[in-house]
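Dear colleague,

Please find below the structure that I am handing over to you, together with its sequence. A short account of what was found in it follows.

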Amino acid sequence: MIHYEKFMLPNGLTVIVHPDFSTPMAVVNVMYDVGARDENPDRTGFAHLFEHLMFGGSINIPEYDEPLQMAGGENNAYTTNDLTNYYIQLPVENLETAFWLESDRMLSLAFSPESLEVQRKVVCEEFKEHYINKPYGDVWHKLRELSYTQHPYRWMTIGKELRHVEEAQLDDVKNFFFKHYTPCNAILVVAGPVQTAEVKALAEKWFGDIPSGTKYVRQLPKEPVQTAPRRMDVTASVPLDAFYKTWHVCGRQDAAYHATDLITEVLGSGASSRLYQHLVKEQRLFSNIECYHFGSIDPGMLVIEGKLVKGITPEAAEAAVQAEIAQLLQQGVTEQELQKAKNKTESIISFEDMSLMNRANNLAFYELLGDAAEMNTELNKYQSVTAAQFMETANTIFTETNSNTLYYRSNMN
């Protein structure tokens, strides 16, 4: 059981306090309800660009990292299609330094052409290094565009096109900031050896006078139900042929989410999974294979992907994967397999919860989903999935009309 207290400032900032007196360190986590799905299709990559800009100096603090390092702290951030998260860990006696830093960049970044240019170059280099010049780097650009026709999950967090970041103007950037990076669109979690009264006083002092902003109301286009399979065949300078197949699945808050997660565990998570045992170890068709999903808030994707052993064609690889899926759908999942997947999931969650930083992050995430209390019921939801629910979900997902297939062939053979 993760204990916490929650309150909201008059400007709409949600604050969660998670006391843990077993450590001298405190974590300050700020999660903004904005991700790549909230971008203009003609101006993508902005949420990720902000992850960089937020470290480029704010209205009263020219260097973000310097005072934090002097306070013995460390920080980082990440952006997804759904959210943006910033976190700091530092000795609890210097907790107020974190409030000062986070509140100042929420109040206003130091928008300047110089700062934008510096961070733009960083992001553009990242785009080129990881998504243009790297083998298989464009796979997810292609797969997202193949799998989605309407929903903004059709582009990656880095952006749909390099030119969107290259051509970003200061006014575009400012407008995006003041629309999304506001108290009413944020969740602040403070974890560690702290009392709620102390956190409340600091929150009111540092965040209380920041203008609330207008709550962003998300109205995203829904992805239509896919009615025909889609396929793509690519040849590129990569060392091995690769096979990718995606299926649309439910969103994070759907009743079938936990069954979907367990399906990926049974099929392709780790060396004891069905796909690895049969297609890597026994039949030696793949050098590696995995099955996973993105856990996205809106309806997402389940993926099976793997690199092929030389001499094996993508067609043969796909036939073998389809045979494994057909076997699952025909014969079902055993109670032993299902319980093993539940046990593994429980151990992963328990291990994650050992970290104060993970607990702070997860409290913010569940609050973003609707209620931080859900963090304490998550394991029960996995344990209550029956074999019948597992198979009902599998039969819903694994239809050919719901699939998108990419053959990524090597021209180096």
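The protein chain contains 15 helices and 11 strands. Please bear in mind throughout that this is a predicted model. The radius of gyration is 23 Å, close to the 22 Å that the globule rule gives for 413 residues, so the protein chain is as compact as a globular protein of that length. Along its principal axes, the C-alpha trace spans about 60 × 50 × 35 Å.

Several totals describe the chain as a whole. Of its 413 residues, 54% are buried. Where contacts join residues at least 6 apart in sequence, 80% of them link residues at least 24 apart. The protein chain exposes about 18,000 Å², and carbon and sulfur atoms supply 52% of that area.

I turn next to one of the sheets. This open sheet has 5 strands, in the order S7-S11-S8-S10-S9, and its pairing is mixed. Strands S7 (230-236) and S9 (286-293) stand at the edges; each has a single partner strand, so one side of each is left without a neighbour in the sheet. From one strand to the next, the twist averages 10 degrees.

At the S9 edge, the partner is strand S10 (residues 301-308), which runs antiparallel to S9 and is joined to it by 7 bridges. Within this pairing, His-293 stands opposite Leu-302 of S10. Helix H11 (residues 314-331) packs on the sheet and touches S7, strand S8 (242-248), S9, S10 and strand S11 (403-410). The direction of H11 makes about 40 degrees with that of S8.

As for annotation, an unreviewed UniProt entry lists residues 169-344 as "domain: Peptidase M16 C-terminal". Over residues 169-344, the model is 41% helix and 21% strand. The C-alpha atoms at the two ends of this stretch are 47 Å apart.

One residue may deserve your attention when you open the model. Glu-367 lies in helix H13, which covers residues 356-369. Is Glu-367 buried or exposed? Its relative accessibility is 13%; buried means under 20%, and Glu-367 therefore counts as buried. Leaving aside neighbours within four places in sequence, Glu-367 is in contact with Lys-6, Thr-14, Ile-16, Ile-187 and Ala-372.

Yours sincerely

Notes. Residues numbered from 1 in each chain as written. Predicted model: local features only at pLDDT ≥ 70, side-chain atom pairs only at ≥ 80, totals over all residues. Heavy atoms only, no water. Pairing = 2+ DSSP bridges. Helix = DSSP H or I, 4+ residues; strand = E, 2+ residues; numbered from the N terminus. Axes fitted to C-alpha atoms, helices over the stretch in contact; angles between N-to-C directions. Contact = heavy atoms within 4.5 Å. UniProt positions renumbered as here; feature names shortened; annotations may be inferred. Buried < 20%, exposed > 50% of the residue type's maximum accessible area, 1.4 Å probe, protein only. Rg over C-alpha atoms; globule rule 2.2 N^0.38 Å. Areas by Shrake-Rupley, 256 points an atom, 1.4 Å probe, with all protein chains shown as cover.
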